[in-house]
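Student: Please take one part of this model and look at it closely, going from a single side chain outward to the elements around it.

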Amino acid sequence: MSSSCTGDAMTHSRIPSPTRFRRADEGVALVEFALLLPMLLLLFAVTIEAARMVRSYQAVSSGVRDAARYLARVAPADICDTGGSLAGYEDALTEIVSRSYDSDDDGQTSSVVTAGVTVTSVVPDYSCITAPTGSTYRRNPFAVASVTATVDFTFPFAPLFAFGGGGALEPVTATIADEQRIFGI
């Protein structure tokens, strides 16, 4: 017996007819996924970067508030009467601000969240405020300490944003300040 390759075997060849090709749906899900993947990655990157930046900003803001409270306790209460400078406190204040975003509640370094956060400067200052006439403040004028930190935020996912059609994200510089009345030592 011999078998023949002509006949039915040739009509069911691997080359689909145009009608069968239009009806074929193998691989459609893969093509749809490939089309949506860049948008999904961009959405994921935006979400992660926004959450990371808000958390880092809040941590640095908390550190600046703690530094201002510290300065209000250790600066001399009579600084308005005697004059003076708060420049000697810069290192301690920088340490307080840096510690606030560099570690989590357990004191462990959380570098994934704070990657790209750099405190470039912490500047202490004070102002003397004259109390209104008839007020019962212990000191007149009284001193108010201010701590101002300049922070740079960079974006680890910046190449994904450039891929999404926009330009590469530039680092963001924020100035965070807080004031506290000096009670002094």
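Tutor: A polar contact is a pair of N or O atoms within 3.5 Å, where within protein one must be able to donate a hydrogen and the other to accept it, and residues adjacent in sequence count only if both atoms are side-chain atoms. The model is predicted, with local features needing pLDDT of at least 70 and side-chain atom pairs pLDDT 80 or more, while totals for chains, interfaces and linings use all residues. Residues are numbered from 1 along each chain as its sequence is written, and side-chain values use heavy atoms, leaving out hydrogens and water.

The side chain of Glu49 makes such a contact, at 3.1 Å, with the side chain of Arg52. Glu49 belongs to helix 3, which covers residues 28–74 (helices are DSSP runs of H or I of at least four residues, strands runs of E of at least two, numbered from the N terminus). Because its relative accessibility is 4%, Glu49 counts as buried (under 20%; exposed is over 50%, partly exposed in between, with a 1.4 Å probe and protein chains only). Leaving aside residues up to four places away in sequence, Glu49 touches Phe155, Pro156, Phe157 and Phe161 (heavy atoms within 4.5 Å). For one of these, Pro156, the separation from Glu49 is 107 residues in sequence, although the C-alpha atoms lie 8.0 Å apart in space.

Moving outward, helix 3 lies across strand 1, strand 2 and strand 3, and runs at about 30° to strand 3 (between N-to-C directions, on a 0 to 180 degrees scale, of axes fitted to C-alpha atoms, for helices over the stretch in contact). These 3 strands form an open sheet in the order 1-2-3, with antiparallel pairing (at least two DSSP bridges between two strands). Strand 1 and strand 3 (172–181) are the edges, and because each has a single partner strand, one side of each is left without a neighbour in the sheet. On average, and ignoring direction, neighbouring strands of this sheet are turned by 15° against each other.

Between strand 1 and strand 2 the antiparallel pairing extends over 12 bridges, and Tyr126 stands opposite Ala145 in strand 2. Ser146 is also found in strand 2, which spans residues 142–153, and counts as buried because its relative accessibility is 16%. Apart from residues up to four places away in sequence, Ser146 touches Leu71, Val123, Pro124, Asp125, Asp178 and Glu179.
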